[in-house]
Amino acid sequence: MRLSSTIPSASAACLLFGTTLGSVVSELQNGARQVAIIGAGAAGSSAASYLEKYALADGVGVNITIFEKTDRIGGRTLTINPFGDPSIRVELGASIFIKKNQILHDSLDEFGLKPRDPEDGADPTLGIWDGEKFVFTVDSSDSFWWNAYKVFRKYGILAPRRTQKLMESTIAKFLKLYEAPHFPFRSLTERAYELDLLGATGVTGDQLLKANNVGEEYAHDIVQASTRVNYASNLAHIHGLDTMVSMAPEGSMAVAGGNWQIFQKMVEKSGASLALNTSVVSINFEANEEHTSERAKYILQIKSTSISADKETYPVLFDDVVIANPFQYSKISTDDGVIQVPIDEIPYVQLHVTIFASPFKYSPAFFGLEDGEAVPGSVLTTLGKDDDPSSGAQGAGSAGFFSISNLRKVVNPDTKREEYLYKIFSPEKVTPEFLSGLFGVQVPDTFVDNAGELDSDIVPISWYYPHVFNSYPKALPRVTFQDPIVGPGVYYTSGMESFISTMETNALMGKNVARLIVDDILDNLPGTAFIDDGGEEGQRPIRFDCDRAGTNGKDNENKKENENKDNVLKTRPTEPVFQDI
């Protein structure tokens with residue numbers, strides 16, 4: 001929430017380095033809950049947005065500060081501009097979401113963002129390649145019934161139907177996590193057990209499909225191609241829940257101009273103070289004392305990532321800290337007792353995403369086809385007949401990559417001619433040798449230098465952009481998951497990643513943490529009355545909304561909401577700073 005400027009700007013300059021604690025801190029700490037969020041990706045942005053929403057609805061004061069080590073909002077959602085043209089934005093990171101993704105889908109209307117079809121302009125043909133031959137091809141421009149016939153003719157009717165039914169029942173269980181009494185949750189493990197999802201997370205996708213009598217050929221070709229393009233994992237190395245998520249693309253969409261806009265709008269809505277290019281170095285107790293009570297306060301040491309600078313103390317004591325990025329990569333140190341529930345260190349997939357433009361189409365010979373045979377525009381891959389789930393780098397097998405897509409046609413600004421824009425997911429860096437085979441033309445070793453800049457004399461590749469992500473955890477089977485509360489007033493969102501890793505589920509964990517923080521504020525208000533509603537959480541605070549006439553105040557609902565905006569505790573001006581991405 002954007003607060004009025006009641007403190008001299010010099011003492012409230014949140015992004016200044018070198019400000020010391022003392023009188024400034026005492027001036028700032030006058031009753032509102034001070035919340036630090038580390039990371040402005042899907043989870044951190046969602047946590048900020050819902051924290052503002054819940055606090056306003058319940059009439060409590062919060063001040064939110066977001067620390068983001070990069071110069072942008074969105075985490076693994078980001079776009080790039082081929083040829084430097086912002087009208088040709090392409091998703092480099094998380095590319096799509098679906099209609100059942102409630103938080104992301106509802107954000108489109110809330111923030112006035114326009115959806116787009118992620119397949120718009122793409123080649124409509126898709127093939128699944130095992131490194132030697134195409135095992136299945138389909139053309140999305142054909143009728144639904146014709147494509148269904150092709151599937152049934154090759155794999156039978158039962159395998160697709162059983163997979164669809166299993167996916168729908170699994171996703172239906174997961175969607176209950178959004179609703180009371182399952183939301184909010186302090187233990188993801190308990191909720192997964194209650195919703196009967198551990199049977200899916202505790203086995204591999206291969207085992208889950210076999211247990212539900214899904215044919216091996218359909219599982220190997222269709223389902224495994226989906227887990228590879230979505231999670232860079234074969235069925236033997238991914239749990240059943242992520243397998244089912246990979247098979248739920250119905251109603252896929254993206255945001256025109258980039259999915260990151262959802263999260264920037266969330267941050268903007270929250271009114272949080274935003275410190276870009278700022279890493280949190282340590283989380284310490286106030287006065288370096290060991291605390292175990294729920295009323296501990298925290299000092300954050302920060303460091304600018306944009307300039308060479310020593311770490312400095314942030315001029316606010318925080319009541320709550322939300323760690324909204326993978327802790328194992330954060331390099332944050334903590335006092336003993338700050339983190340009282342150990343945070344799992346989990347292996348992440350290192351994924352190479354390469355986007356480039358070329359005037360050439362795929363060479364049929366690369367895919368074992370005869371000259372003149374058409375190659376599908378999008379190529380997903382599966383394991384070859386002699387591969388095992390660990391063959392090749394990260395199990396990529398004989399194919400050597402997870403997917404290649406012909407995204408759309410673009411105009412080369414130098415030649416003014418149309419070219420093809422391609423995107424490759426691979427376990428290793430794309431090499432000139434690979435590209436030479438893919439297009440059937442010689443791509444010299446020097447077509448890019450160490451900085452990724454294009455050698456303009458080379459014709460086959462006219463624009464090139466490589467990027468490496470720690471994209472998602474290796475979702476091996478498990479039946480326990482990281483708790484979101486890891487210390488007194490310390491929350492962690494990335495435990496959701498081992499359960500389901502998507503933009504939506506990270507946003508859900510951010511929303512969950514926001515609800516837990518506001519509930520904690522309400523539970524500790526002086527003079528709060530409680531009622532036992534028989535739910536799992538035990539006693540809950542009673543909210544008294546009666547007006548002087550003894551009514552429930554519904555007629556004055558809009559008026560009260562406006563009054564809440566003015567009456568929440570204010571401690572400092574919080575004008576968010578945004579980076580044009």
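The exercises below work through the sheets, helix packing, backbone exceptions and internal space of a predicted model.

**Exercise 1. The seven-stranded sheet**

Task: Determine in which order the seven strands of the open sheet lie, and which strands stand at its edges.

Solution.
- Step 1. Read the order across the sheet: β7-β6-β16-β17-β18-β15-β19, with mixed pairing.
- Step 2. Look for strands with a single partner. These are β7 (134–139) and β19 (463–473), so one side of each is left without a neighbour in the sheet.
- Step 3. Take the average turn between neighbouring strands, with direction ignored: 20 degrees.
- Step 4. Find what packs on the sheet. Helix α9 (residues 216–231) touches β6 (125–129), β7, β15 (348–358), β16, β17, β18 (418–426) and β19. The direction of α9 makes about 105 degrees with that of β16.

**Exercise 2. Strand pairs within that sheet**

Task: For β6 with β7, β6 with β16, and β16 with β17, state whether the strands run parallel or antiparallel, and give the number of bridges.

Solution.
- Step 1. Start with β6 and β7, which are antiparallel and share five bridges. As a register point, G127 lies opposite T137 of β7.
- Step 2. Inspect the hairpin that links β6 and β7. Four residues separate the strands, and G131 has a positive phi near 95 degrees.
- Step 3. Move to β6 and β16. These strands run parallel and are joined by four bridges; L126 faces S378 of β16 as its opposite residue.
- Step 4. Finish with β16 (residues 378–381) and β17 (residues 403–411), an antiparallel pair with three bridges. Here L380 has S403 of β17 as its bridge partner.
- Result. β6 is antiparallel to β7 but parallel to β16.

**Exercise 3. The four-stranded sheet**

Task: Find the edge strands of the open sheet of four strands, and describe how β10 is joined to β11.

Solution.
- Step 1. Write the order: β12-β11-β10-β14, again with mixed pairing.
- Step 2. Pick out the strands that pair on one side only, namely β12 (312–313) and β14 (333–334).
- Step 3. Examine β10 (residues 278–285) and β11 (residues 298–304): they run antiparallel, with seven bridges between them. Within this pair, N284 is bridged to I299 of β11.

**Exercise 4. Two partners of helix α2**

Task: Give the packing angle, axis separation and handedness for α2 against α14 and against α11.

Solution.
- Step 1. For α2 (residues 42–58) and α14 (residues 503–523), the angle is about 35 degrees and the axes are 7 Å apart. The crossing is right-handed.
- Step 2. List the contact residues. On α2 they include A43, A47, Y50, L51 and Y54, and on α14 they include M503, A507, G510, A514 and V518. The whole contact divides into 13 nonpolar, three polar and three charged residues.
- Step 3. For α2 and α11 (residues 260–270), the angle is about 35 degrees and the axes are 8 Å apart. This crossing is left-handed.
- Step 4. List the residues again. Among them are S45, S49, E52 and K53 of α2, with F263, M266, V267 and K269 among those of α11. The division is five nonpolar, four polar and three charged.
- Step 5. Compare the residue lists of α2: A42 and S46 appear in the contact with α14 and in the contact with α11.

**Exercise 5. Backbone exceptions**

Task: Locate the cis peptide bonds before P181 and P184, and the positive phi values of D196 and Q394.

Solution.
- Step 1. Recall the background: most residues other than glycine have a negative phi, and most peptide bonds are trans.
- Step 2. Check omega. The bond between A180 and P181 is cis at about 5 degrees, and the bond between F183 and P184 is cis at about -5 degrees.
- Step 3. Place the prolines. P181 lies in the loop between α5 (158–175) and α6 (188–194), and P184 is also in the loop between α5 and α6.
- Step 4. Check phi. D196 has about 60 degrees and is in the loop between α6 and α7 (198–201). Q394 is near 50 degrees and belongs to the loop between β16 and β17.

**Exercise 6. Internal space**

Task: Count the cavities of 30 Å³ or more, and characterise the lining of the largest cavity.

Solution.
- Step 1. Apply the cut-off of 30 Å³: one cavity is counted.
- Step 2. Take the volume of the largest cavity, about 90 Å³.
- Step 3. Identify the lining, which includes P326, D344, Y348, R478, F481, Y492 and S498.
- Step 4. Sort the lining residues: five are nonpolar, five polar and two charged.

Terms used
Residues are numbered from 1 along each chain as its sequence is written. This is a predicted model: local features need pLDDT of at least 70, side-chain atom pairs count only at pLDDT 80 or more; totals for chains, interfaces and linings use all residues. Side-chain values use heavy atoms; hydrogens and water are left out. On a 1 Å grid over the protein atoms alone, a cavity is a set of points where a 1.4 Å probe fits but cannot get out, and a pocket is an open set with protein on both sides within 12 Å along at least five of seven lines; lining residues have an atom within 4 Å of a point. Grid points are joined across faces, edges and corners, and a volume is the space filled by probe spheres set on the points. Ala, Val, Leu, Ile, Met, Phe, Trp, Tyr, Cys and Pro count as nonpolar, Asp, Glu, Lys and Arg as charged, and the others, Gly among them, as polar. Axes are lines fitted to C-alpha atoms, for helices over the stretch in contact, and angles run from 0 to 180 degrees between N-to-C directions. Helices (H or I, at least four residues) and strands (E, at least two) are DSSP runs, numbered from the N terminus. A crossing is left-handed if the near helix is turned anticlockwise from the far one by less than a right angle, and right-handed if clockwise. Contact means heavy atoms within 4.5 Å. Two strands pair if DSSP finds at least two bridges between them.
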